[in-house]
Amino acid sequence: MIKNLQDMLTKLKGNDKVILSVAAAEDKEVLIAIKDAVEKEIIKPILVGQADKIKAISKEIGFSLEGIEIINAESIEESAKIAVELVSSKKADFVMKGLLDTAVLLKSVLNKDYGLRTDSLLSHVMIYELESYHKLLLLTDGGMNIAPDYDQKEKIVKNSIQAAKSLGMETVKVACLAAKEKVNPKMQATVDADLLQKACKDGKFGENVLLEGPLAFDLAVSKEASEIKGFKSEVSGDADILVVPTIEVGNGIGKSFTYMAKSKSAGIIMGAKAPIVLVSRADSHESKLYSIAYGALVAKSMK
């Protein structure tokens, strides 16, 4: 099982490299991350976008393009279309956002004719390496779905379990967060979490999955808190996945991990036929590299 983010790079290194298509690759920060991933031998990229700019930036950062395919595109829309089609036609294994708006890329991803849509729901999965926690911790969904209803939460959970299993987890422990542990009809998060727990017991999420909810954050990550409160749990203090009720909760927890706990992290979009790597300009270089690696790992597990 992968125990830290650096382990992903070690596991991916070798001859059987997954292929990453990059939409609008004419972005310096993205190309620096791609360069690092290539030098660490974890991916083989196809760079889609304005070829002249890609070559100029690559020369500036010392990125040798020898043996790397570049596909010219005159617009960001064309770049997104080509990058996605490379994945849908099996010429690439996953896709990454470059110098274009997320909405432009996702429009191509969801295109009925050449896109990567499934009957699932696109959802964001972050993975964190924290000094204060004994293993990698996944968080979903703090980046895509604003206020998911119960059916959407089922799909979000399924996506996160798939992302977790790519790390080699034999049993996946899921904590559905709320403000309290008792079901309160006035607090929809508690109602949905309880339904998700019952669905898991009925086999909705497959074998070797333990899902509990509602759980307050302290119970999800601290066995000691569970013991103090007299709360019996198989997940408490040992959660692999935190499922949040709304995007604000996920966004707040994730950013507190990053800025207050100085965590290392990676993030991808699940729910399509292949993972989608979306990085922010505010992300560290390390985070961009780990996001590429996590996308590669999940793509490999989906082949």
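## Helix 2 and its partners

In this predicted model, helix 2 crosses helix 3 with right-handed geometry. Helix 2 covers residues 28-39 and helix 3 covers residues 51-61. Their axes lie 10 Å apart, and the packing angle is about 60 degrees. That angle makes helix 2 oblique to helix 3. On the helix 2 side, the contact is made by Lys 28, Leu 31, Ile 32 and Lys 35. Helix 3 contributes Ile 54, Ile 57, Ser 58, Glu 60 and Ile 61.

Helix 2 also packs against helix 11, at an angle of about 60 degrees and with the axes 9 Å apart. Helix 2 is therefore oblique to helix 11. This crossing is right-handed. Here Glu 29, Ile 32, Ala 33, Ile 34, Asp 36 and Ala 37 of helix 2 meet helix 11. The helix 11 residues they meet are His 285, Lys 288, Leu 289 and Ile 292. Ile 32 takes part in the contact with helix 3 and in the contact with helix 11.

## Helix 6 against helix 7

Helix 6 (residues 150-165) and helix 7 (residues 188-201) have axes that come within 10 Å. They cross at roughly 55 degrees, which means that helix 6 is oblique to helix 7. The crossing is right-handed.

Four residues of helix 6 are listed at this contact: Tyr 150, Lys 153, Glu 154 and Val 157. They meet Ala 189, Asp 192, Leu 195, Leu 196 and Ala 199 in helix 7.

## Nonpolar cores

The largest nonpolar core has 89 residues. Those with the most contacts inside it are Ile 34, Ile 43, Leu 47, Leu 105, Leu 138 and Tyr 294. Helix 11 (residues 285-302) gives the most to this core, with 9 residues. Apart from it lies another core, of 18 residues. Its members include Tyr 133, Leu 139, Ala 239 and Ile 253.

Leu 47 shows how the largest core is knit together in sequence terms. Beyond four places in sequence, its contacts include Val 22, Ala 25, Leu 31 and Ile 34. Others on the list of Leu 47 are Ile 54, Phe 63, Leu 65, Ile 68, Glu 69, Ile 70 and Ile 71. Leu 31 of helix 2 and Ile 54 of helix 3 also appear at the contact between those helices.

## Strand 6

Leu 138 is found in strand 6. Its relative accessibility is 0%, so Leu 138 counts as buried. Val 174 lies 36 residues from Leu 138 in sequence, yet their C-alpha atoms are 9.2 Å apart. Outside its four-place neighbourhood, Leu 138 contacts Val 125, Met 126, Ile 127, Ser 160, Ala 163 and Ala 164, among others. Further contacts of Leu 138 include Leu 167, Met 169, Asp 240, Ile 241, Leu 242 and Tyr 294.

Thr 140 lies in strand 6 (residues 137-140). Thr 140 is buried, at 0% relative accessible area. Among the residues it touches beyond four places in sequence are His 124, Val 125, Ile 156 and Ser 160. Thr 140 also touches Ile 241, Leu 242, Val 243 and Val 244.

## Backbone exceptions

A cis peptide bond runs from Thr 140 to Asp 141, with omega near 5 degrees. Asp 141 sits in the loop between strand 6 and helix 6. Gly 213 and Pro 214 are also joined by a cis bond, with omega about 0 degrees. Pro 214 belongs to strand 8 (residues 209-215).

Ala 24 is not a glycine, but its phi is positive, about 55 degrees. Ala 24 lies in the loop between strand 1 (18-23) and helix 2, and is buried at 0% relative accessible area. Glu 41 likewise has a positive phi, near 60 degrees. Glu 41 lies in the loop between helix 2 and strand 2 (43-49). At 34% relative accessibility, Glu 41 counts as partly exposed.

## Cysteines

How many disulfides does a search of the whole structure find? The count is 0. The sulfur of Cys 176 has its closest cysteine sulfur in Cys 200, at 8.8 Å. That is too far for a bond, because a disulfide requires sulfur atoms within 2.5 Å. Cys 176 is buried, with 3% relative accessibility. Cys 200 is buried too, at 9% relative accessible area.

Key. Residues numbered from 1 in each chain as written. Predicted model: local features only at pLDDT ≥ 70, side-chain atom pairs only at ≥ 80, totals over all residues. Heavy atoms only, no water. Buried < 20%, exposed > 50% of the residue type's maximum accessible area, 1.4 Å probe, protein only. Core = buried A, V, L, I, M, F, W, Y, C linked by side-chain atoms within 4.5 Å. Helix = DSSP H or I, 4+ residues; strand = E, 2+ residues; numbered from the N terminus. Contact = heavy atoms within 4.5 Å. Axes fitted to C-alpha atoms, helices over the stretch in contact; angles between N-to-C directions. Parallel < 35°, antiparallel > 145°, perpendicular 65-115°, else oblique. Left-handed = near helix turned anticlockwise from the far one by under 90°.
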